Amino acid sequence: MNQKNKTEISRRSFLQVTAGAIMLSGISLPESANAAKSEGLATIIDLSLCDGCVNRKIPACVSICKEINKNKIPLPVEPIPEPWPRKMIEDWSKKQEVFDRLTPYNFIYVHRAEVNFAGRKKTIYVPRRCMHCENPPCATICPFSANHKFKNGAVVINQNQCFGGAKCRDVCPWEIPQRQSGVGIYLHVLPGFMGNGVMYKCDLCFDRINQGQLPGCIEACPREALLIGAKKVIQAVALERVRRMKGYIYGMEQNGGTSTLYISPVPFEEINKTMTKKSGQPDIKMNVPRRMAGTDPLGKMVLAAPVLGLAAAGAAGAWKWFSRRKEKMNKKEGENG
Ligand code: SF4
Ligand code: SF4
Ligand code: SF4
């Protein structure tokens, strides 16, 4: 990490905990935060600080994310092949300026919640993106090993390896990954029979972190409502803030634990009442058992589907190729770690 970035990260991060009982020096992006090293990161989304950027056309976190990721998706082919047997094509390429939900072109959006709590009305803004779960079922289930949890905490979909089957979305408790059809490797294998595009979601600004920079949304937030740091420190800071505001925390237990901790002055049950779970607009329910944890029936069901699909498509060769890729990837991470 160069000195400028290091200083910048530390300066901004210090601001988060000025009056805290927590050791200030711990709140910075650790030098060992790059993907292959062991320092796990976590983030705080502090709903007591986020004001939804109401004075801007688009919230700062949303617009910077859009800017950073604007060249990720190539133009889809025309016409997009119809997948068999389900004919559903998901094409967002002509709706790139949608900001009020997750799409393949929009990895974060801000939900506005009008909450009634303790006899008072309160507006809470909730930025939503991938939670970067500790045991991400979206990665476990991927039949092509295209989705991976790195040691620094980021869960990243490899766009060159993803077939867009959307099993990751099916198994994600919040249905976070979003599909763009008509792009990706499936077009070169068996389009129409296997795959349907590429899945996209927040990657915790993986490349920026590797270069010692803060994730874009954290750097851009004018209210410093977002914070990143070493996981243990972040957890301690989150719990301390919750204690002081007599507030609530989300993400510590859900889906077996995540690397994203929401803290709020009002209960998440109340916030969740304002959310109708819709495609691309996840809810924030409290009870989220860990998916793909051995006994989870949904996980097993979703896991079975791609295996059968592959068999039907006679794709043994492709499977072999991906197994070799996985071995190589594991070896590479082992060497780097
Ligand atoms: S997290 Fe920050 S940038 Fe995003 S809406 Fe809230 S205040 Fe604005
Ligand atoms: S929130 Fe969903 S997409 Fe993100 S890591 Fe967890 S299971 Fe995967
Ligand atoms: S961490 Fe990066 S990719 Fe994820 S929401 Fe923030 S800016 Fe977007």
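1. Ligand 1 has a shell of 15 residues. Cys50, Cys53, Pro59, Cys61 and Cys221 are the closest. Two elements each give two or more residues to this shell: helix H2 (60-68) and strand E3 (120-128). By class, the shell around ligand 1 holds 12 nonpolar residues, one polar and two charged. Note that this is a predicted model.

2. Ligand 2 is surrounded by 13 residues. Here the closest are Cys130, Cys133, Pro136, Cys138 and Cys172. The shell around ligand 2 splits into 11 nonpolar residues, one polar and one charged.

3. Back to helix H2, which supplies residues to the shell around ligand 1. Which residues of H2 are buried? They are Cys61, Val62, Ile64 and Cys65. One of them, Cys61, is also among the closest residues to ligand 1. The buried residues of H2 pack against strand E2 (109-117), E3, helix H6 (216-220) and E8. Strand E3 thus appears twice: it packs against the buried residues of H2, and it gives residues to the shell around ligand 1.

4. Next, the sheet. Four strands form an open sheet in the order E8-E1-E10-E9. The pairing is mixed. Strands E8 (226-230) and E9 (248-250) stand at the edges. Each has a single partner strand, so one side of each lacks a neighbour in the sheet. On average, neighbouring strands are turned by 25° against each other, direction ignored.

5. At the E9 edge, the partner is strand E10 (residues 260-264). How many bridges join E9 to E10? Three, and the two strands run antiparallel. Isoleucine 249 stands opposite isoleucine 263 in E10. In general, strands of a sheet pair through backbone hydrogen bonds, parallel or antiparallel.

6. Helix H7 (residues 231-245) lies across strands E1 (41-46), E8, E9 and E10. Its direction is at about 20° to E1. Strand E8 is worth following here: it is an edge strand of the sheet, H7 lies across it, and the buried residues of H2 pack against it.

7. Finally, alanine 118. Its place is in the loop between E2 and E3. Is alanine 118 buried or exposed? It is exposed, because just 10 other C-beta atoms lie within 10 Å, and a residue counts as exposed at 12 or fewer. Alanine 118 and valine 266 are 148 residues apart along the chain. Their C-alpha atoms are separated by 9.0 Å.

Terms used. Residues numbered from 1 in each chain as written. Chains lettered and ligands numbered in written order. Predicted model: local features only at pLDDT ≥ 70, side-chain atom pairs only at ≥ 80, totals over all residues. Pairing = 2+ DSSP bridges. Axes fitted to C-alpha atoms, helices over the stretch in contact; angles between N-to-C directions. Contact = placed C-beta atoms within 7 Å. Near = placed C-beta within 6 Å. Nonpolar A, V, L, I, M, F, W, Y, C, P; charged D, E, K, R; others polar. Buried ≥ 20, exposed ≤ 12 C-beta atoms within 10 Å, placed from the backbone.
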